[in-house]
Amino acid sequence: LNQRLPLRKRGLSICTFHDLFVLSADYSTPEFRERFAVQARHAAHDADLIIAVSHFTATEVRDRLGFPESRIRVVPHGVNLPSHVTPVSRRARIILHAGAIQKRKNLDLLVRAFTNAAPPDWQLHLAGGDGYLAQAVHDEIDRSARRSAIVRHGYASPATLASLYQQAAIFAFPSFAEGFGIPVLEAMGHGIPVLASNTSAIPEAAGGAAQLLDPHDQQQWEDALHELCESPARREQMVREGLAVARGRGWSRAVDATAAIYREILG
């Protein structure tokens with residue numbers, strides 16, 4: 001269920017590709033990129049079928065690895081829905097990001113947009129451990145005039161993350177690139193309006209229910225954050241749209257589709 005296969009081919013094989021950013025961008029260490037690239041190319045050489053988690057990733061597998069499109073199957077990720085969703089009126093004035101603190105997540109832009117545009121009684125919460133070039137984000141936070149309103153949770157356990165999803169009023173995801181974008185779908189499933197980038201597979205994850213923005217345009221993010229903070233009615237509307245998408249994206253659908261592909265290869 002990942003983009004690697006045993007070194008020796010012993011029979012029919014399928015692997016799942018989640019992204020190929022090691023081949024397309026400088027988002028990890030050279031050592032990691034080299035190791036991952038070798039594994040990805042070997043898997044593409046030996047696999048009989050490849051499952052991609054988005055149409056974006058399927059295109060990357062086709063174009064960057066030369067794998068035949070006819071042998072790629074797309075199975076989007078799913079979401080586990082909570083037993084209850086906190087209403088908009090009872091949520092804290094928190095803008096949440098979930099994911100590693102790293103270059104690819106574009107969090108320095110989010111910190112600046114929050115600093116410049118969020119109302120003074122709002123907070124920014126970052127839930128995720130440090131990743132590649134995290135120090136640049138920490139430096140941006142430390143320079144912020146509103147650093148006391150920015151909470152760094154570090155790695156968040158499933159229970160902590162679930163609690164943050166029930167508290168936050170807005171979810172912001174300015175990532176430069178995602179193979180799918182599970183946090184976007186998770187946030188919508190927990191009843192949070194989502195601001196997200198308009199790049200890579202993120203629009204697929206959002207399913208038309210997030211407000212999509214250019215990850216390079218800080219002014220867009222400042223305007224969108226300010227407007228959403230000031231408009232409970234808009235947040236209510238986006239929550240309804242997000243929940244409708246998430247309720248059709250349960251993990252059981254992904255499981256069934258994956259099992260069908262494994263049966264397909266057996267004839």
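Start by selecting Asp48 and Lys9: their side chains meet in a salt bridge, 3.0 Å from N to O. A salt bridge here is a side-chain nitrogen of Lys or Arg within 4 Å of a carboxyl oxygen of Asp or Glu. Asp48 sits in the loop between helix H2 (30-46) and strand E2 (49-52), while Lys9 belongs to the segment before strand E1 (14-17), so the pair ties together parts that are 39 residues apart in sequence. Helices (H or I, at least four residues) and strands (E, at least two) are DSSP runs, numbered from the N terminus. Both ends of this bridge are partly exposed: Asp48 has a relative accessible area of 23%, and Lys9 has 41%. For these labels, buried means under 20% relative accessible area, exposed over 50%, and partly exposed in between (1.4 Å probe, protein chains only).

Before moving on, a word about the model. It is a predicted one, in which local features need pLDDT of at least 70 and side-chain atom pairs count only at pLDDT 80 or more, while totals for chains, interfaces and linings use all residues. Residues are numbered from 1 along each chain as its sequence is written, and side-chain values use heavy atoms, with hydrogens and water left out.

**Stop 2: more salt bridges**

How many salt bridges are there by this rule? The count is twelve. Select Arg62 next, which bridges to Asp63 with the closest N and O atoms 2.7 Å apart. Arg62 is partly exposed at 30% relative accessibility. Add Glu69 to the selection: its side chain also meets that of Arg62 in a salt bridge, 3.5 Å from N to O. Glu69 counts as exposed, at 53%. Then pick out Asp108, Arg112, Glu140 and Arg143, which are joined into one network by salt bridges that share partners.

**Stop 3: the three-stranded sheet**

Now show E1, E2 and E3. They form an open sheet in the order E1-E2-E3, with parallel pairing. E1 and strand E3 (72-74) stand at the edges with a single partner strand each, so one side of each has no neighbour in the sheet. From one strand to the next, the twist averages 25 degrees. E2 and E3 pair in the parallel sense over three bridges; two strands count as paired if DSSP finds at least two bridges between them. To see one of these bridges, select Ile51, whose bridge partner in E3 is Arg73.

Two helices to add here are H3 and H11. Helix H3 (residues 55-65) packs on the sheet and touches E1, E2 and E3, its direction making about 165 degrees with that of E3. Helix H11 (residues 251-265) also packs on the sheet, touching E1, E2 and E3, at about 170 degrees to the direction of E2. Axes are lines fitted to C-alpha atoms, for helices over the stretch in contact, and angles run from 0 to 180 degrees between N-to-C directions.

**Stop 4: Ser175**

Is Ser175 buried or exposed? Ser175 is buried, with a relative accessible area of 0%. Look for Ser175 in the loop between strand E7 (170-173) and helix H7 (182-189). Leaving aside neighbours within four places in sequence, Ser175 is in contact (heavy atoms within 4.5 Å) with Arg104, Lys105, Asn106, Ser197, Thr199, Ile202 and Pro215. Its side chain reaches the backbone oxygen of Ala177 at 3.1 Å, and a polar contact of 2.7 Å joins the side chains of Ser175 and Glu178. A polar contact is a pair of N or O atoms within 3.5 Å; within protein, one must be able to donate a hydrogen and the other to accept it, and residues adjacent in sequence count only if both atoms are side-chain atoms.

**Stop 5: helix H6**

Select helix H6 (residues 158-167), where Leu161, Leu164, Tyr165 and Gln166 are buried. The buried residues of H6 pack against strand E4 (94-98), strand E5 (123-127), strand E6 (150-154), E7 and H7.

**Stop 6: two positive phi angles**

Leu133 has a positive phi near 60 degrees, though it is not a glycine. Leu133 lies in the loop between E5 and helix H5 (134-143). Ser200, likewise not a glycine, has a positive phi of about 50 degrees. Find Ser200 in the loop between strand E8 (194-197) and helix H8 (202-206).

**Last stop: the whole chain**

Finally, zoom out. The protein has eleven helices and nine strands, and buried residues make up 51% of its 267 residues.
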